Amino acid sequence: MSTPTAAKSMDEIVALCKRRGFIFPASEIYGGINGFWDYGPLGVELKNNLRDAWWHDMVRCPPAGPDGEQLEIVGLDSAIIQNPKVWEASGHVGGFNDPMVDDKETKQRFRADHLQGFFLDVTPDKPSKTAASGHTIPLCTVVASNPSEAVAILIEQPKLIKPWRIQKAVPHRKDQIRVALKDQDGTSGFGIVFAIEREFLEHAPNEIPSPFTANTGALTPPRQFNLMFETWYGAIKSDEYKTYLRPETAQGLFLNYKNILDTMRVKVPFGIAQIGKAFRNEVNPRNFIYRSREFEQMEMEWFCRPEDAPKWFEFWQQQRLSWWKSLGLSDDNLTIRQHDEDELSHYAQGGAGTVDIEYRFPFTHPGFAELEGIAHRTDFDLKAHQEHARVKLEYFDQERNKRYIPHVVEPAAGLTRGVLALICEAYTPDPDRPSKVFLRFHPRLAPIQAAVFPLVAKNDMPQQAENLYQQLRKKYATRFDIKQSIGKRYARMDESGTPFCFTIDGQTLADQTVTVRDRDDCSQQRIGIAQVAGFLADRMGG
Ligand code: ATP
């Protein structure tokens with residue numbers, strides 16, 4: 001069943017994550033550090049469960065191929081810090097740049113392609129102004145990665161577009177949103193929200209109001225800024241020993257392609273996969289954990305014959321989309337977006353393309369934002385490493401007696417971004433229950449999978465509950481809770497997203513049955529205490 005994210009508030013989601021121990025700001029007692037997060041006891045369980053589900057479904061038990069064939073994908077865990085030449089070969093030293101704009105007054109910085117403008121379109125008496133450069137001047141600007149996110153900000157902060165208030169938003173031309181407006185006197189108007197053109201920012205930054213103060217004359221033209229974190233290995237801090245924290249896990253997979261070929265008896269097509277931390281000195285880390293400076297990725301490089309790449313590109317798109325659905329993300333909140341030719345990364349030029357699997361996060365509603373990218377990286381990376389490292393990285397196809405450099409199709413997902421999508425999807429307000437909200441996680445991913453309660457701390461109930469708890473915790477993440485009323489205990493479990501609570505009561509002592517309370521509909525049924533483990537196993541799926 002689909003859960004519309006429209007009504008969900010990010011502030012409430014962030015507050016619940018803190019209150020229930022999912023996610024905390026890093027270094028919080030020192031005032032935090034922008035773009036870094038700590039995963040608390042429930043957050044780390046959820047993240048590990050998502051990580052394990054990916055590893056299981058990609059490495060240990062990958063899907064069958066398009067012709068029903070068994071696919072081979074092997075795992076890897078490569079170093080975060082590699083020889084700096086890796087990042088020259090991969091294009092990150094020269095090309096991993098975002099054009100940045102600074103606000104000279106507030107010293108804040110943002111990505112040039114993240115500046116969205118609000119323009120008055122048709123209003124009875126307030127026509128839009130035109131700049132000397134010939135561009136229409138926006139009434140205000142906001143920093144957002146796309147126009148739908150900008151509209152959400154303008155709805156939340158109407159003072160930015162005073163005296164107007166947004167009544168309705170509809171998609172307009174490509175990448176534009178048209179909004180219907182009203183002021184306090186009931187006068188109607190229309191506005192358009194779209195990204196400020198690069199050319200306008202380059203030639204007339206002085207005419208554009210700052211997204212932070214609305215002042216004109218404060219913005220600089222865009223300047224390049226490399227996103228890699230620099231560090232030094234060894235005791236000497238000179239350029240010779242400078243290297244970088246990896247900005248993606250992918251390069252470790254290319255670096256070990258030859259080792260895997262030489263040791264694992266794999267044959268093209270095959271995959272190498274890894275999960276791990278990546279670091280990007282993002283200019284505007286924002287939207288909770290969505291864009292962080294330290295995050296985790298789950299990436300797989302699928303090495304195939306060049307002529308088969310389009311087939312695999314199609315295959316992995318479908319597989320990855322259905323995987324996210326299998327974890328409970330609803331159809332309505334997922335979409336696949338094809339990249340335009342001018343958006344393609346350096347490694348994907350001339351390939352079958354790049355698509356993003358996008359999720360409708362509350363902060364982009366009604367629009368979507370990237371959750372996973374699937375790219376045909378061609379032979380770009382292996383060729384680049386072959387050239388820079390001067391090591392042959394060809395594959396010898398014995399059947400066809402042919403040497404070639406395989407092409408690569410890469411599904412690259414964000415693990416931490418996936419955690420955010422799961423939390424947003426699971427978050428379900430419900431005024432009728434004491435907690436007023438519950439988290440509807442798939443039982444396979446829930447940080448606590450079962451809770452065991454003695455109804456009261458009397459007779460033999462605590463002992464019986466303890467026995468069941470000791471049995472279940474060997475296999476499932478289980479909580480034992482004896483404190484406070486049963487209603488309060490259910491409420492705590494609802495907010496933690498625990499799918500099943502088992503209660504030992506007076507009847508248990510008589511007939512060895514327990515009540516099972518279902519998180520989603522609050523229904524209760526009795527089952528034999530001996531059936532509890534089987535009951536849970538049936539519901540874990542996956
Ligand atoms: P974006 O356009 O959002 O900056 P990207 O296209 O640069 O992302 P990729 O290089 O394709 O991202 O990385 C693959 C995946 O890694 C993304 O789909 C996303 O889930 C995750 N990811 C990338 N950057 C971040 C970040 N700063 N914080 C959290 N997750 C990220």
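**Strands, a ligand and ring pairs**

Visitor: Which residue stands opposite Val74 in β14?
Guide: This is a predicted model, where local features need pLDDT of at least 70, side-chain atom pairs count only at pLDDT 80 or more, and totals for chains, interfaces and linings use all residues. Residues are numbered from 1 along each chain as its sequence is written, and side-chain values use heavy atoms, without hydrogens and water. Strand β14 covers residues 270-279 (strands are DSSP E runs of at least two residues, helices are H or I runs of at least four, both numbered from the N terminus). In β14, the residue opposite Val74 is Ile272.

Visitor: How many bridges join β3 to β14, and in which direction do they run?
Guide: β3 spans residues 73-75. Two strands count as paired if DSSP finds at least two bridges between them. Here the bridges number 3, and the two strands run parallel.

Visitor: Why is one side of β3 and of β16 left without a neighbour in the sheet?
Guide: The open sheet has 7 strands in the order β3-β14-β15-β21-β18-β17-β16, with mixed pairing. β3 and β16 (334-338) stand at its edges, so what each of them has is a single partner strand.

Visitor: In what order do the strands of the 3-strand sheet stand?
Guide: This sheet is also open, and its pairing is antiparallel. The edge strands are β5 (109-111) and β11 (223-226), each paired on one side only. Strand β4 (residues 97-102) is joined to β5 by 3 bridges. The order is β5-β4-β11.

Visitor: Which residue of β5 stands opposite Met100?
Guide: β4 and β5 run antiparallel. Opposite Met100, in β5, stands Arg111.

Visitor: Which strand gives the largest share of the shell around the ligand?
Guide: The ligand is surrounded by 15 residues (each with a heavy atom within 4 Å of the ligand), and the closest include Glu282 and Arg291. At least two shell residues come from each of β15 (294-304), β18 (369-378) and β21 (407-414). The largest share is 4 residues, and the strand that gives it is β18.

Visitor: Which residue has a backbone N or O atom 2.8 Å from a nitrogen atom of the ligand?
Guide: A polar contact is a pair of N or O atoms within 3.5 Å. Oxygen atoms of the ligand lie 2.9 Å from a polar backbone atom of Leu371 and 3.1 Å from one of Gly414. For the ligand nitrogen, the residue at 2.8 Å is Ser292.

Visitor: How far apart are the ring centres of Phe254 and Phe303?
Guide: The whole structure holds 23 aromatic pairs (rings of Phe, Tyr and the six-membered ring of Trp, centres within 6.5 Å; planes under 30 degrees apart are stacked, over 60 edge-to-face, the rest tilted). Phe254 and Phe303 are edge-to-face, with 90 degrees between the planes. Phe254 sits in helix α7 (residues 250-255) and Phe303 in β15, 49 residues apart along the chain. Centre to centre, the distance is 6.2 Å.

Visitor: Which residue does a cis peptide bond join to Val268?
Guide: Another cis bond runs from Lys162 to Pro163, with omega near 5 degrees. Pro163 is in the loop between α5 (147-156) and β8 (165-171). For the bond at Val268, omega is about 5 degrees, and the partner is Pro269.

Visitor: What is phi of Ser27?
Guide: Ser27 lies in the loop between β1 (23-25) and β2 (37-39). Its phi is positive, in a residue other than glycine, and is near 55 degrees.

Notes: Polar contact = N/O pair within 3.5 Å; in protein donor to acceptor, adjacent residues only side chain to side chain.
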